[in-house]
Each structure stands twice: as structure tokens, then as C-alpha cells.
Amino acid sequence: MDPEYRFSHKHILGLADLSPQDIEAVLQTAESFKEISSRSIKKVPTLRGKTIINFFFEPSTRTRLSFEVAAKRMSADTFNISNSGSSTVKGETLIDTARNLAAMNPDCIILRHPSSGAARLLADHINVSVINAGDGTHEHPSQGLLDLMTVREAKGGIAGLKVAIIGDIAHSRVAHSNIIGFSKMGATVAVSGPATLIPPGIKDMGAQVSRTVLEAVDGADVIMALRIQKERQQDPLFPSLREYAKFFGISQKVVDAATPEAIIMHPGPINRGVELDPKLADGRRSVILEQVTNGVAVRMALIYLIMGGD
Amino acid sequence: MPGGILLKNGRVLDPANGIDQVRDVLIVEGRIRAVAQPGSLSGQDGLVYDVTGKWVVPGLIDMHVHLREPGQEYKETIETGTRAAAAGGFTAVAAMPNTKPVNDNQAVTVFILAKAAEAGLARVYPVGAISSGSSGEHLAEFGELRQAGAVAVTDDGLPVGNSQLMRRALEYAGNHDLLVISHAEDLSLSQSGAMNDGPLATRLGLRGIPHVAEEIMVYRDLALAEFTGRPIHIAHVSTRESLALIRRAKEKGVAVTAETAPHYFTLTETAVDGYNTLAKMNPPLRTEADVAAVREALRDGTLDAIATDHAPHGELDKDREFDLAANGIIGLETAVPLTLQLVRENRLDARRMVELLSVNPARILGVPGGTLSVGAMADIAVIDPEKKFVFTEESIQSKSRNSPFLGWQLQGKAVLTIMAGRITWQESFSS
């Protein structure tokens, strides 16, 4: 890495804003932090006295907990606000709520929000670092980074790999961040799913579109299944979960089309038997739980880096 | 105004009378008394303006504005909206019915007209709703709306989804000599979309509104107009294919007229990048190809009018999450410079600009204006095509500030606006 390089982002809003060098810095930092979580005393004093607010407008178990665990392992103080407990239900605007939080002088606000661009809106209006923990159908940068870390760990590198992402590409912020992130790091990304869930211009983001799942996973080193959001069933996007599982679910037959050592990923939570055969989720190729473990390390790295650590 | 007003040495652009020459114009008792060779008229005891280098045109008519009163006076009132109109060179506006309550009955129409008369800044032509409450179910009382002063009907903002209702509206509007204006949008395709559908929407994670959502309904309404033999006006056309459909219908002799707004010939969807809610509108900003098609259609006559779709919104409506932000921008005070930009680029000639902003809207709505004929009412705009200014929040006369053109260096401005012989807007100019 360039010795003059310094990670200089105040906010983490999306992988679109990060250079390959930035991504490399996050991954290296995360790799060095990962060991902390395997100690018997899982805490370092690095961020003692720092205040981090988890501001979550959507239900989330994994991501919210992962950020909280990450912050606490670095000795930061964390506070959680969810939508139902916040004043937005009393009619306060997002910007007003954020300004009030900012007035309490936190060092970082981690935002999960159903509107695309919400993290950017916050970053534009308050003088506090913002980490986007998922905004609408835009980006989920920490997920993209933990996926990159997991692949690099399993495969020894990213450049030159083929990554197949299968499922609801249109509504998946995870897919968007991964397409951007893996492309930036030199991998080839192929996507497939019902054509109703492949958005216009996904090619411009760096993905190849395959008509069938088998075509997408052909020769793939990484197979990533995305969660099918059952709540989107009102919009006629595909006929039934049954048919989805049959034509777009990841089965042994699909895995057989990939490279022999291909790994299986899923951002969770899994609809077992819909997008992913349960046996595969628990099988030897699955790195789904490594993703969760690495999520903590990546989030430690992000919090550390935006607070000016070097 | 006992002594009247004399406008000396202006470039008189009066397409209705085939005039594009330097003339003096004399206004007496609210009407145009004379249009004559420079120096041949006396100002008598009245006001005399030397408007050398300025354009003297029939007062501009914006056939598509939202004045928000009654109901959303925090965004705009009839007084502030008509002041913005006067500042933009407009002497008349057609007020869309999506007020609160909806203008679906004579009481609201009468109220709007009374407020407009009180303000005295521009003529306001109320447009009634097609359906009661714009709910898309039952026809509103067109007869009484007409009697009270409405000039057209539309469910603008809430498109008529039911084709049978649209057919009946076209038929019944004939009894009352009302124009039907179509807001063409297939809601099942556009549902909760926030910008033009395409790669940029995908990248921003915003739900897209495909151009076909407009085109399908443009086609439907052209077909219904042809079928019923009744005229239809298509509002705020934004796509290339909509224009192709309108062009073909005109060739077939269908009684269709159409308008676009300055933003559709000035901006593309890239204006929303970065989640800029000031560029969020419906129909959404489209692509380069659409902008080019709109410009061409203005020139070749496929489009008949430029209307602003002036849509004031408060800060709270705009300064928020993109998908939850309100649609629309203010437009009255930027229409002239943005249209003049096309003239400067030789995409339109000056005469055509006056047709699009005054002559044709008057004809389409069936209202007076659009002419500087001797004896006509003195609705006049004096435009300085050279005047340069930066469009700032402080300069805005509208109650709202929601414009994507804030901070733009613009050229061309109405410097004197006269409605019924009275000065409704005046700013300093040099001659």
C-alpha cells in the first residue's frame, strides 16, 4: 500500500464512495482486529470515551448487534434507538431528530433507514460521522466489506474471482454494495434471478446479467444467495415461493456448476428452502457464519478508521 | 390610470398580428390604444417608459400552476403566487384544482376568483376537478364549475385511472365548453416511484417511474379524444415517445394540444443525483434523448405551450428523505430566462416563444389575451432579453423556494408587467 495513503473519510455512506485503496485499508484493519474477538478478554481500550449511537429505523438483529459488539469491543459507549422508541413517531423529522442526537455530541451515528439516501441526508445536515447500516435499496457498505473480507479469507484474494449473486437484485442493498465492491477489487460479478428483480442498468454498476442461475454460477468461485423479501409479494414479481425455490433457489445442482471449491454465502436472515437449500446452508462450503464473525471485525475497523485511527 | 402608459421604442412581438418591429405602444384605460411607429405617439400625462432593446409582448399566460390556496397557504397563497407570476412576466395563470378542499365545486371556484381579484396581480383562471374530490369515481359538477368561472377540468396530480370516467368527462365537458386536461400517468406502473426509471435510479436505490407510465396514458387519452371527437390537452409532456404519439394524433386530425415545462427542456435526471429533492417532480426529469425530443417538439409545433407546473412546497416537504419528499418545483420566475436560452441557442425563434407562452395558451383555454391588437385589454410583458441575474432565494416572490435553478446565472427577465393597464411588476432596467 502507498505509504502516503491515509484513510480520510468522515462518513461511510456506500462502497461507491470508497477507492480500492480505501477498501484495502478497511480489510487490512479488520483482519488485524479479528483476533480481538477470539481473546478471552474481548476488549481493547482504543475508543474509550467515544460515544456511538445506533439509530435504527428498521428491524435488525444481526447488523445492529454486530455494530454494538464491535463498538463495545473497542470500549466505546453505545446507545440504541429504534424507530418505535424515537420521536419520529411523534412527528419529528429525521433531520430534527438527528440534530438533537448530534447536540449530545456523539462521535458517530450508525443509521439504518428504509429511505435510500437517508444516511447521506444525515451526513449533509449534522457534523457527526455517519455510518450507513443500510439505506432503502441503495447500499449496505459494511455488509459489502464483510463479504469481501470473508471471500478474501477463504480464497486468498479477490481479483480474478467470479462471484455469482442470485436473487432479488433490484431491492437488495446488499447486492448493490457487493456488485460495486467486488467489481472495484477486480472480481467478475454475475447476477441472475427472476427478470422482474433485475433492475435496469445493473450492468452499469459492473454486473453481468445471466438468464439462468446455472449460467451465472458457471465457473463461479463464490455463490451468494439473497434473501427473498416475502413482504414484496403484493407486487407481482414472481408467481410463488415454490416456483422461486425451484428455478432460482441454490440447490446442489446449482453448486455443482460452480468451481469445485466454490463457497456459499448469504447475508441473512435465510428463508431456508426458498433461496437456499438448508443442507447447503449448513454444509462445508457455507461461510455464512464466518460472514457474521467478520462483520464484527469489519465494523470495528470502520468505526476505528472514521474516528481518525491510523 | 388616467394618463395611460406609453412604451417607447420596444421590439413589439405580436404574432397574432404578424408584428415583429420596433414600435411604440400606448395604453389607455386598461386597453391598448395604439401601436405605432416610434415617436409618433404622445404619452399625454401618463407614464412614459423608454424600452429600447426590450421585447414588448402580450402578457404571458401560464396554463398550469398550483396556487395552493385554499388549504396549503404555508406553501403559497393566491396573492404570493400571482406576485410570482407578475415577476415572471405572466398576466394570467390557470390554477390547478388540487387544493384542499379540491376545486370540484362552484364554491371553491368562486373563492379562488375572489382572492385573485383582491390580489389584483394576475388573472386567475380556475381549473375544476374532473371527479368529485379528484377521487376518480364520479364526475364533478362541470356545469356549475363553468358558470362560476372555471375554464377547464383535470384531476392533475391524481390521474384518471378509469378509462370510462375519462371518456365520460370528455363527452360531458362538451356540454359546458370546458377543456379536459390530462395528467397522463399509469399509476400501476409509476406506483411510489421517485425518479425516472433507469440505471441512475438503480444506482441511487430509488424506485423508478418508467417513461411508458406516461406514454400508455397519453395514448389512451388520444384514443378517447379521437373516439369522442372532443378536444384534449396533455399536460407536462416529458418523454420522446409521448411526443411521437401526439405528433401522429395531430397528423390524423385529433383535436389535441400539449404543453411541456421548462425543466423538461433544460434538465435531465442527472439533476437528482446526490438525492437532490429540488429536482424531484412528477413526471420525473428524463434523459438527454427526451430533452432533445421536447426541444424539437417545441419548434415543430407538436407542443403548443410552455407551462411551468409551478408547484410550491415548504422546506419540510422538500428537505427530507428523497422518497418521502414532495414532487414539484416552482417555475413562474424562471420560465422566461430558461425559454430564452432556447432562443439564444437558435432552437426557437422569438415569435415562437411568444406563441408558446402567450398566444397558444389563450387559444387553448379559450380566454382573452395573447395579442397586442388595438382595443385589446392591456396585458403586456416587457422582457429584457439581456438582463443577467443570479436566481437566489432572496429574489423569489413565491412563498416557496423549491427550485433546482437556485444559484444559476440566468439571462432574460420580465422588467415590467402590465395587467389590464396596471403595472403589476416593475424592476429597474436601463435603456
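The following exercises, each with a worked solution, concern a predicted model with chains A and B.

**Exercise 1. Overall form of chain A**

Determine how many helices and strands chain A has, and how its radius of gyration relates to the globule rule.

Solution. Step one is to take stock of the secondary structure: chain A contains eleven helices and nine strands. Step two is to set the radius of gyration, 19 Å, beside the 19 Å that the globule rule gives for 310 residues; the values are close, so chain A is as compact as a globular protein of that length. Step three turns to the dimensions: along the principal axes, the C-alpha atoms of chain A fill a box of roughly 55 × 45 × 35 Å. Step four considers burial and contacts. Of the 310 residues, 49% count as buried. Among the contacts in chain A that link residues at least 6 apart in sequence, 74% join residues at least 24 apart.

**Exercise 2. The surroundings of strand β5 of chain A**

Establish whether the two faces of β5(A) are covered or open, and identify the strands to which bridges join β5(A).

Solution. Begin with burial: β5(A) spans residues 162-166, and five of its five residues are buried. Next, separate the faces. A:Lys162, A:Ala164 and A:Ile166 lie on one side, A:Val163 and A:Ile165 lie on the other, and both sides are covered. Then follow the pairing. Five bridges connect β5(A) with β6(A), residues 188-192, and these strands run parallel. Here A:Val163 stands opposite A:Val189. Between these two strands the chain passes through helix α6(A), residues 173-184, in a right-handed β-α-β crossover. Finally, β5(A) is also joined to β8(A), residues 222-225, by four bridges, again in parallel. In β8(A), A:Val163 has A:Val222 as its bridge partner.

**Exercise 3. Helix α4 of chain A**

Decide whether α4(A) is largely enclosed or largely open, and name elements that cover its buried residues.

Solution. First, count the buried positions: six of the eight residues in α4(A), residues 118-125, are buried, so the helix is largely enclosed by the rest of the structure. Second, list them: A:Ala118, A:Ala119, A:Arg120, A:Leu121, A:Leu122 and A:Ala123. Third, identify the cover, which includes α3 (94-103), β3 (108-113) and β4 (129-135) of chain A.

**Exercise 4. Helix α7 of chain B**

Compare the expected span of α7(B) with the distance between its end C-alpha atoms.

Solution. At 1.5 Å a residue, the 18 residues of α7(B), residues 211-228, should span 26 Å; the end C-alpha atoms are 26 Å apart, so the two values agree. To extend the description, note that the buried residues of this helix include B:His211, B:Met217, B:Leu224 and B:Thr228. Just after the helix, B:Gly229 adopts a positive phi of about 70°.

**Exercise 5. The sheet of chain B**

State the strand order of the eight-stranded sheet in chain B and explain why its edge strands each have one side without a neighbour.

Solution. The sheet is open and parallel, with the order β6-β7-β8-β9-β10-β13-β14-β15. At its edges stand β6 (60-65) and β15 (305-306), each with a single partner strand, so one side of each has no neighbour in the sheet. The partnership of β14(B), residues 256-260, with β15(B) is parallel and rests on two bridges. B:Glu259 has B:Ala305 in β15(B) as its bridge partner.

**Exercise 6. The contact between the chains**

Describe the side of chain B that touches chain A.

Solution. The contact takes 21 residues from chain A and 16 residues from chain B. Helix α6(B), residues 199-204, supplies the largest share of the chain B side, with four residues. By type, the residues of that side divide into seven nonpolar, three polar and six charged.

How values were computed:
Residues numbered from 1 in each chain as written. Chains lettered and ligands numbered in written order. Predicted model: local features only at pLDDT ≥ 70, side-chain atom pairs only at ≥ 80, totals over all residues. Buried ≥ 20, exposed ≤ 12 C-beta atoms within 10 Å, placed from the backbone. Pairing = 2+ DSSP bridges. Right-handed = clockwise from strand over helix to strand, strands pointing away. Rg over C-alpha atoms; globule rule 2.2 N^0.38 Å. Contact = placed C-beta atoms within 7 Å. Nonpolar A, V, L, I, M, F, W, Y, C, P; charged D, E, K, R; others polar. Expected span 1.5 Å × (residues − 1).
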